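Good morning, everyone, and thank you for making time for this. Please have a look at the sequence and the structure on the screen before I begin.

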Amino acid sequence: MISVENVSFHYPGSSEILHRITLKIGDGEFVAIMGENGAGKTTLVKLFNGLLKPDRGTVSVDNVNNKDRSVAELSKQVGLIFQNPDHQLFAETVAEELRFSLKNFGFQGPVVENRVTAILTSLDIEKYANSSPFMLSGGERKRVALASILVWDPKHVIMDEPTIGQDYLQKDRLRNFIVQLVSQNKTVVIVTHDVEFVAECKPRVVLMSKGKIIADGPAESILTDEAAVEEASLVLPQMSQLVESVRTFRAPHNIIDVYSARKFIGDALKERTRRTE
Amino acid sequence: MHKEEYDAQPTSHRSHNKDKLDGESLLPAILARNLSFTYSGVDRRSISDVNFSIEKEEFVILTGPSGCGKTTLCRCLNGLIPNFYAGQLNGELRINGVDVKGKSTAELATHIGFVFQNPENQLFSLSVERDVAFGLENLGIPREEAIERIEWAMKVTGITELRNKAPYELSGGQQQRAAIAGVLAMRPEIIILDEPTSFLDPKTAEEILTVISRLNHELGLTTLLVEHRLDTVSAFADRIIVMDKGRIALDGPPDKIYDEPARLIGIGLPKVTTLFHLLRLDGVPVTTNPITVTQASEALRRVFED
């Protein structure tokens, strides 16, 4: 469990960026943190693995206060994948990048190669095992950065903007991968602007604006809350905009993805045909 | 801002600068013939026999799966290939009818402006104004003209008020506007933007896309937008070019392109397009292929509100 209690934070020389944030994320939960540029989303997740220390309040992971643990200890529990993969990658080959992570955490022997192979395969980058990360496309490098964290199997996985530069199929793969992690009772937290991705995944959504949490709940209710969405500089999912725009629909306010829209419209047509007969 | 105002801007340097590349005005802005490139040390071509043209003042989206060669193609267009990336380049690439072979990146920058995904990679000066001026100083533009161009570029991107701010004091959207202004100050005829909104929140992304669309409409700036997120950008484009495995796979207007072959390549079609495809499978009588919520809404109202 990740627990943030009454936390405030400011960077040296600038004004407070997080104001008395309280948030609990349970094991096996999938949470999307969303909000405008500069809302404090990335700052918040950097507190999770101890990269930043709060000015006030406490952050604890699995009931241990972060101030009692080093970043190295915490990193083993909380894997944070940065927005920009180039801040994270440095080895000469993709496989070497992953081996480095594992050896750093004391893994030895055949388990190293087994893990490297397994994770590269599951992220569809095994063919690049012996390529330099810097010869890969932006989207591919992003997946290498993800692999280099997942390879040591942290219990809590935090991804900052994981869908940037990813095409449709890769997003689908990412979504399945997250579902798999969650089914292993891992915590997955993503920081994202990608409304349509969130509308398809339907995680719990924590909406931030100006350093505060302004809404917290299931994606279906948060992403259709027009006032909150507006305040956090997001837009309504396309499907929500669409069904709301047809007056005769009287659509329930929880349609955010293509499949529920398809079902709703199909049912509406049947109802209409039945009535005209 | 109207076309007249744009034309009223100083052009002396522009024409002087463009002598070498000036072609007939009817020639395409960009023309690629059998363009191929293989990076040194890589055994397969990153782009292969690429053929396309973009007319002046067109707004074109370039999309395709991750690793399909979009970035490599853009690097050819702005001269980073072959000037900075070593490898084997074949075929022909013409900007306004003139072969780019042997042209320096600096020369090309006055014709094709490039805006990156992350504005932080493009901004580094102590103030917005200095950043907008940077490219011009590098080109050795006379001071008087440089000042006029900087004022103009800040005005059309709406950042004049921010001139004395440091880039790190700006919001993401303001940073991206500043990056666009820096490119516009070079007075290119063509602008290429590589996923310019992916780091921005959706509201700010919309605002930047509106700025880009306005520059295209009002200044006639030929625009090539590289994007994965077709949901948000499709409404702005005249044409979509889809790359797959280093080649051009599809090329045409969005509503014609967003069909089965595009689905098979695996590009992320707008949600409304996908929905209508599924509705037709279910027998719902919708015949159009919408690319925006507005179009989809009109079509559904015809079925349900008549």
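Let me start with a question about a single element: how far apart should the end C-alpha atoms of helix α8 of chain B be, and what does the model give? What you see is a predicted model, and in it helix α8 of chain B has 13 residues, from 172 to 184. At 1.5 Å a residue, counted over one less than the number of residues, the helix should span 18 Å, and because its end C-alpha atoms are 18 Å apart, the expectation and the model agree. The same helix, α8(B), is mostly covered, since 13 of its 13 residues are buried.

Staying with chain B, I should say how confident the predictor is. The mean pLDDT of chain B is 87, and 92% of its residues reach 70 or more. The stretch over residues 1-23 of chain B, however, has a pLDDT below 50, although in the model this stretch has 23 contacts beyond near neighbours in sequence. For the complex, the predictor gives an ipTM of 0.87 and a pTM of 0.87.

The domain assignment divides chain B into domain 1, residues 3-269, and domain 2, residues 270-306, and the C-alpha centres of these two domains of chain B lie 33 Å apart. Where they meet, eight residues of domain 1 of chain B are in contact with seven residues of domain 2 of chain B. On the domain 1 side of that contact, the elements giving two or more residues are α10 (230-233) and α11 (254-257) of chain B, and by class this side has five nonpolar, one polar and two charged residues.

Let me turn now to chain A. Its secondary structure comes to 11 helices and 10 strands, and along its principal axes the C-alpha trace of chain A spans about 70 × 45 × 30 Å. For 277 residues, a compact globule would have a radius of gyration near 19 Å, and chain A has 21 Å, which agrees. Of those 277 residues, 48% count as buried. Among the contacts in chain A with a separation of 6 or more, 62% are between residues 24 or more positions apart.

Chain A also has a domain assignment, with domain 1 covering 2-236 and domain 2 covering 237-277, and the C-alpha centres of the two lie 34 Å apart. The contact between these domains of chain A takes 10 residues from domain 1 and nine residues from domain 2. On the domain 1 side, α7 and α8 (219-222) of chain A each supply at least two residues, and α7(A) gives the most, with four residues. That side of domain 1 of chain A has five nonpolar, two polar and three charged residues.

Finally, how many residues does each chain bring to the contact between chain A and chain B? Chain A gives 37 residues and chain B gives 38 residues. On the side of chain A that touches chain B, the helices that each supply at least two residues are α5 (138-150), α6 (168-183), α7 (195-201), α10 (238-245) and α11 (258-276) of chain A, and α11(A) gives the most, with eight residues. By class, the residues on this side of chain A divide into 16 nonpolar, 14 polar and seven charged.

Technical notes:
Residues numbered from 1 in each chain as written. Chains lettered and ligands numbered in written order. Predicted model: local features only at pLDDT ≥ 70, side-chain atom pairs only at ≥ 80, totals over all residues. Buried ≥ 20, exposed ≤ 12 C-beta atoms within 10 Å, placed from the backbone. Domains from an automatic or database assignment. Contact = placed C-beta atoms within 7 Å. Nonpolar A, V, L, I, M, F, W, Y, C, P; charged D, E, K, R; others polar. Rg over C-alpha atoms; globule rule 2.2 N^0.38 Å. pLDDT = per-residue confidence, 0-100.
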